[in-house]
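Thanks for coming. I have one structure to go through today, and I will keep to what can be read from the coordinates.

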Amino acid sequence: MTMDAQKHQPMGWLIGAVVGALFLLLPAMLLAAESVSPEVQFCLNCHSNKTLELVLQSGEKRSLYVDVDSFARSVHGDKLRCTDCHGDISTFPHPTRSFKNLRQFTLAYYESCKGCHFDNYTKSLDSVHYAILSKGDLRAPLCVDCHGAHDVAPPAVPRSRVSRTCSRCHQEVYRRYARSVHGKVLLQDGNVDAPVCADCHRSHNIEDPRTVVFHLKTPELCARCHTDEKLMAKYGLSTNVLKTYLKDFHGMTASLHKREQITPSAVTAVCTDCHGVHDILAVKDPSSTVMKANLVRVCQKCHADATENFPAAWLSHYEPSPKRAPLVYYVKLFYQIFIPFVVLGLVLQILLHIWRVVVNR
Amino acid sequence: MAQAKEGYFTRFSVRQRLEHLLIMVLFLVLALTGFPQKFFTAGWAQWLILHLGGIDRVRWLHRMSGILFSVVALEHGGVVLLLVLMKRIQLNMVPSKKDFWDAIVTLRYYLGLSEEQARFGRYDYRQKFEYWGLIFGGVIMMMTGFILYFPTLFARFLTGEVIPAAQVAHSNEGLLAFLVVILWHIYNAHLSPDVFPFDASIFTGRISEERMEHEHPLEYARVVAEKGESASPEEIADEGSSKEKSDEPSSE
C-alpha cells in the first residue's frame, strides 16, 4: 500500500525525502555549523551533549562537550576534522584511555599541533616555558593554554589580545605593562604601534629574560622600533637613542660583553636599567625614572656613591653641541684642530729634513 | 776625523734609562689596551679585545698601567724637583729663546735658505719639544684617566659634564701622543738618517764623542772645557755617571 501510495502520490515521496534529509542534518543545522565537515558532525552526535564528561584518576572531571559553534568560528573550523588532532580516537567505541589528572589530559594532546605547526612547535622547544616543563613543572603553558583548543582564534586580533593572553599567568607584569607608555596607548587608545609582550619576548621561542644574554640583547630589542625613522617621527621621538647609547661607556661595554660570550663580572646598564622595563614611562612623564629629578636615583642603582652632579655625566642621548654639553663640544673641537695641526707640522719637518739630507748628498 | 774620536760620554743616568724603559713599556701597554677601546666598533679592535681576554680585562690592564705610569711620572717629577732644590742639576730641559731661534735656523737650513746649522746644547729643541709634550700630554692623560676611573668621586666637586669631556680629551690626547711617538719619536730615534737604525743612548746611557760633537756641540764644548783638554772622554764619562750630573731639566 505504501508502494502504491508512493506511486500514486509522487509529491508525498518527495516531501518525505526532504523531511528525512532535514532530520538527518538537523543536529548540525541546529548548531549552525554549516562549515564543519560530516566527520565532525558524526562526533558531535555525542560530543554536543553538554553533560558528557570523563572522570579522571584524581577525581577531577573533564567535560567532553564540544561547542560546535565556537569550533566552527575557530581558524580550524573549515579545515580540520576531529581525528586530525585526536588521532588516537578514530573508532567507536573509543579505545580506553586513562589520565591521572586534568593537566595530564592536556599534556596527552600536547603534540597534536606539531603535525601542522612544526616550525612553531620546534621554536617552542627553545622557550623558557618548555625549559620549565621539561624540568617537570607542569604549570608551563602548552599550545592550547595560550591558543585555546577547539576555539583557536587568530592570536593577535585584536593586537591587545596577545598581552592579555600572557596576563592569564603573568598578571603582575601585565598590570605594570598596562600602566606603561606602551601599554597605555595600546590598551586605552588602541594604538597598534605599541609593542605587546611578544614583540620583545617573541611568542614561541620565548627566552628567559633573566639571563645576561637577554639583558645584553635589550638595546637591540628596543632599537627595532626606536631606530625606525618613520615610526618615531609620528611621536616626535629621536632615532639617535641607540647610536648615542652605543657610543657611550655603557653601550660600548654592553656591545663588547655581548660579543665576548664571557659572563661579565658586572652587568652594564642597558635601556631598561634606566628607563624601566614593563613600567617604562614617556621621558616627559614627571614620574619617569629618567626625569632629571629622578635620574640620580637611577644612577645610584649601580653607582651607589653617585651625587647630584653625577647624572650630568650622561648627555641624555644628545650629541654634544655648543648648547648641549658645550664643554664636551669644545674639547672635541679643540682636538679636531689641534691633532692635524701638530701632526702636519711634524710630518712637514720630517719631510724637510729628509729632503735636505738628499740634497746634501 | 771620526776615527780619531772613539770615546764615549755618559749621557743618561741609570735612573733616566730606567724611567725611559718603564715609560716606553707602559706607553705601549696603554696604547695596546687603549686604542681598541677608542675604536671599539672596528673589527681589529674587537679582535684584540677578545684575544686580550675581554673588555673587563682590557680595562683592568689599562688602569693598572695608567697607575704605574703615574707612579713613574711622580717619581720623575719628585726626583727632578729634589735635585733642583739640592742644586745638583741645572735646568737643561727648560725651553729658552735660543730654542726658538734654533728651530728657525734649522728650518731655514732644511729649506736650503741658509747653510748655517744651529749648534745645540745638551738637548736640542726637538728633544725639548718631545719632553714637554710628554709632560703636558701625560698630565692631561693622568688627570682625565683618573676622572674616568673614579667618575662618581670627581662628580662630587665637579660638574658631571667633566666626565664625558674627560673621555673626549683622554681619547684624543692619547691619539695625539701615539701619533707624535710614531711619527716624531720613531723618526728621530730610529729612522732619521742621522741615527738610523737605532739611537741606543737612552738604553746604554752613552753617546759617542763623534755624535756628541756633531749633535750637541755646545754641551761637548762645555764638558770638555770643564774637564780640561787633558781628560779623556772615558774619564768624563765615569765622572758623569757617578754623580746625577747628566739630567733632563738641566741647562744653564
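I will take the two chains in turn, then the contact between them, then the cores, and end on a single residue.

Before anything else, please keep in mind that this is a predicted model. For chain A the mean pLDDT is 88, and 90% of the residues reach 70 or more. The start of the chain is another matter: across residues 1-8 of chain A the pLDDT is below 50, and that stretch makes 3 contacts in the model beyond near neighbours in sequence.

Let me stay with chain A. Its secondary structure consists of 20 helices and 2 strands. What are the spans of the C-alpha trace of chain A along its principal axes? They come to about 140 × 50 × 45 Å. The radius of gyration of chain A is 33 Å, where a compact globule of 361 residues would be near 21 Å. There are two assigned domains in chain A, domain 1 covering 207-319 and domain 2 covering 326-361. Between the C-alpha centres of these two domains of chain A the distance is 39 Å. As for burial, 20% of the 361 residues of chain A count as buried. If we take the contacts in chain A with a separation of 6 or more, 52% are between residues 24 or more positions apart.

Now chain B. Here we have 11 helices and 2 strands. In sequence order the pattern is β-α-α-α-α-α-α-α-α-β-α-α-α. Chain B has 252 residues, and 33% of them count as buried. Of the contacts in chain B between residues at least 6 apart in sequence, 76% join residues at least 24 apart.

On to the contact between the chains. It involves 37 residues of chain A and 36 residues of chain B. On the chain B side, the elements giving two or more residues are α2 (43-51), α3 (55-85), α4 (97-110), α6 (151-154) and α7 (162-191) of chain B. Which element gives the most to that side? That is α7(B), with 14 residues. Sorted by class, the side of chain B that touches chain A has 25 nonpolar, 8 polar and 3 charged residues.

Next, the cores. The largest nonpolar core has 28 residues, and those with the most contacts inside it are Ala313(A), Ile147(B), Val162(B), Ile163(B), Ala165(B) and Ala166(B). Two or more residues each come from α14 (212-226), α18 (271-275), α19 (292-300) and α20 (326-360) of chain A, and from α5 (125-149) and α7 of chain B. Again α7(B) is the one to note, since the largest share of this core, 6 residues, comes from α7(B). Leaving aside residues up to four places away in sequence, Ile147(B) touches Phe154(B), Val162(B), Ile163(B) and Ala166(B). Apart from this core lies another of 10 residues, including Tyr177(A), Leu187(A), Val196(A) and Cys200(A).

Last, one residue. Ser98(A) sits in the loop between α5 (82-85) and α6 (102-108) of chain A. Is Ser98(A) buried or exposed? Ser98(A) has 9 other C-beta atoms within 10 Å, so it counts as exposed, the cut-off for exposed being 12 or fewer. The C-alpha atoms of Ser98(A) and Leu56(A) are 6.9 Å apart, although 42 residues separate the two along the chain.

That is what I have; I can take questions.

Notes. Residues are numbered from 1 along each chain as its sequence is written. Chains are lettered from A and ligands numbered from 1 in the order in which they are written. This is a predicted model: local features need pLDDT of at least 70, side-chain atom pairs count only at pLDDT 80 or more; totals for chains, interfaces and linings use all residues. Two residues are in contact if their C-beta atoms, placed from the backbone, lie within 7 Å. Helices (H or I, at least four residues) and strands (E, at least two) are DSSP runs, numbered from the N terminus. Ala, Val, Leu, Ile, Met, Phe, Trp, Tyr, Cys and Pro count as nonpolar, Asp, Glu, Lys and Arg as charged, and the others, Gly among them, as polar. A nonpolar core is a set of buried Ala, Val, Leu, Ile, Met, Phe, Trp, Tyr and Cys residues joined through C-beta atoms within 7 Å. pLDDT is the predictor's confidence in each residue, from 0 to 100. Domain bounds come from an automatic or database domain assignment. The radius of gyration is taken over C-alpha atoms; the globule rule is 2.2 Å times the number of residues to the power 0.38.
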